[in-house]
Amino acid sequence: MNYPEFRPPAERAAVIDLAAIRHNVRHLSHIVSPARVMAVVKADAYGHGAVETARAAIQAGAAWLGVAHISEALALRAAGIAEPVLAWLHTRDAEFGEAIRANVDLGVSGWDLDAVVAAARELEMPARVHLKIDTGLGRNGCPEDLWEAFVGRALAYQEEGLLRVVGIFSHFAVADEPHRPETDEQLRKFREAVAVAEDAGVDREVRHIANTPGALSRPDAHFDLVRIGLGMYGLSPFAGQTSAELGLRPAMSLKTTVAACKEVPAGQGVSYGLHYRTKEPTTLALVPLGYADGIPRVATGGPVQIDGQTYPVVGRIAMDQMVIDLHRTGIAGTPDSFEGREAVLFGGEGQPSVDEWASAAGSINYEIITRISGRVQRVYVDTAVDEDAPAPPIALEAAPGAPAAEGEQAQAVQAK
């Protein structure tokens with residue numbers, strides 16, 4: 001027997017506004033022009049959905065896509081996305097051959113160069129590679145003292161027809177703290193590494209080092225390509241500056257409905273450990289989201305908005321639920337009960353922010369959105385509000401001493 005597809009309404013939803021994604025890409029593209037934008041959609045687009053986000057970013061003018069793992073790039077190709085994609089974090093089990101076959105660019109910085117070449121030789125198909133120099137972050141990337149030899153090896157393979165060096169890149173460590181001098185030092189090292197590669201004969205297509213904070217605060221770091229991640233999702237990378245001040249629109253709203261309300265006496269303990277006790281008779285509301293949904297267990301005090309009013313979470317956040325204290329009595333079991341009302345943990349203008357949850361968890365906004373789990377349904381909407389209007393200027397000035405760029409440079413559409 002064939003059964004019709006059944007999709008229940010979303011009890012818990014991460015609502016993704018594709019218009020906000022497009023707005024942010026256009027806004028950041030304007031800031032970094034004439035450099036182009038790489039939309040970073042690793043980690044399922046920071047929890048927003050890689051395929052849907054990639055398509056929206058491309059519609060808004062993103063020229064490249066960036067992922068960490070080859071498997072993420074192959075998923076984009078399987079969805080019919082043909083734009084240039086760079087994957088840069090590999091293990092020895094990575095599918096280099098499949099990446100080459102799918103025309104996926106590969107970041108290399110050490111042992112992976114030989115592994116990529118071995119796959120290219122077996123396929124009899126050249127790989128497209130971006131050589132990475134470690135300018136100070138201390139993760140992957142070729143060490144400075146090995147860079148000249150590394151470039152030489154890559155060019156020797158290129159002479160054999162096994163690869164083409166199309167990019168040179170690195171990654172900032174502290175660009176989200178614009179006044180720290182380490183960024184200047186990283187830029188100096190990057191320029192030197194590019195010069196070494198070009199003097200050796202590398203005819204690259206792109207140079208890239210800037211992430212979202214670099215895009216916003218270091219016009220001298222834009223080069224040919226800027227990798228935007230957090231900013232594309234509408235969040236600020238800077239402490240003390242909001243998304244709105246940077247001209248960005250948060251794309252994700254996390255919502256559910258209140259599962260239960262009940263009256264309790266003074267002294268009632270709440271949740272595991274009983275670390276919160278009511279000071280007077282009150283009504284508690286149960287919000288059905290917890291750490292299995294990606295909400296940090298330690299984020300007691302995180303905000304939940306109901307009917308325009310915000311309540312902090314009380315007691316320990318559990319696997320599936322959390323509790324708020326309404327500081328009211330006489331409403332449970334009446335038409336004034338909060339049962340079934342929408343509860344918003346974070347969202348855009350007029351709603352609690354991702355940054356407030358990050359503060360409650362002692363973490364960063366990147367982590368909050370990325371960890372929202374798969375059991376929270378993604379619902380895609382397209383508000384398409386005045387997207388052709390000029391973007392407002394950003395409020396952040398370039399870091400002191402940073403020179404100007406040098407010419408290097410509401411309709412629901414889908415649920416998942």
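In the predicted model, V104 touches A73, R77, V85, A87, A99 and R128, when residues up to four places away in sequence are not counted. V104 lies in the loop between α5 (96-101) and β5, and its relative accessibility is 2%. Because buried residues are those under 20% relative accessible area, V104 counts as buried. With respect to A35, V104 is 69 residues away in sequence, and the two C-alpha atoms are 21 Å apart in space.

The strand that follows this loop, β5 (residues 105-108), runs parallel to β6 (residues 127-132), and 3 bridges join the two strands. Within this pair, L106 has V129 in β6 as its bridge partner. In general, strands of a sheet pair through backbone hydrogen bonds, and the pairing may be either parallel or antiparallel.

The pairing of β5 with β6 is part of an open sheet of 8 strands, in which the order is β8-β7-β6-β5-β4-β3-β2-β9 and the pairing is parallel. The edges of the sheet are occupied by β8 (206-208) and β9 (225-228), each of which has a single partner strand, so that one side of each is left without a neighbour in the sheet. From one strand to the next, the twist averages 30°.

A further buried position is found in a helix. T53 has its place in helix α3 (residues 50-59), and its relative accessible area is 0%, so T53 is buried. When neighbours within four places in sequence are left aside, T53 is in contact with I21, V41, A45, H48, M232 and Y233.

The packing of two other helices was also examined. Helix α7 (residues 147-159) and helix α8 (residues 182-200) pack at an angle of about 40°, and their axes are 10 Å apart. This angle makes α7 oblique to α8, because angles under 35 degrees would count as roughly parallel, and those from 65 to 115 as roughly perpendicular. The crossing of α7 and α8 is right-handed. On the α7 side, the residues that meet α8 are W147, E148, V151 and L155, whereas on the α8 side the contact is made by A193, V196, A197 and A200. The residues of this contact of α7 with α8 divide into 7 nonpolar, no polar and 1 charged.

Key. Residues numbered from 1 in each chain as written. Predicted model: local features only at pLDDT ≥ 70, side-chain atom pairs only at ≥ 80, totals over all residues. Heavy atoms only, no water. Axes fitted to C-alpha atoms, helices over the stretch in contact; angles between N-to-C directions. Helix = DSSP H or I, 4+ residues; strand = E, 2+ residues; numbered from the N terminus. Parallel < 35°, antiparallel > 145°, perpendicular 65-115°, else oblique. Left-handed = near helix turned anticlockwise from the far one by under 90°. Contact = heavy atoms within 4.5 Å. Nonpolar A, V, L, I, M, F, W, Y, C, P; charged D, E, K, R; others polar. Buried < 20%, exposed > 50% of the residue type's maximum accessible area, 1.4 Å probe, protein only. Pairing = 2+ DSSP bridges.
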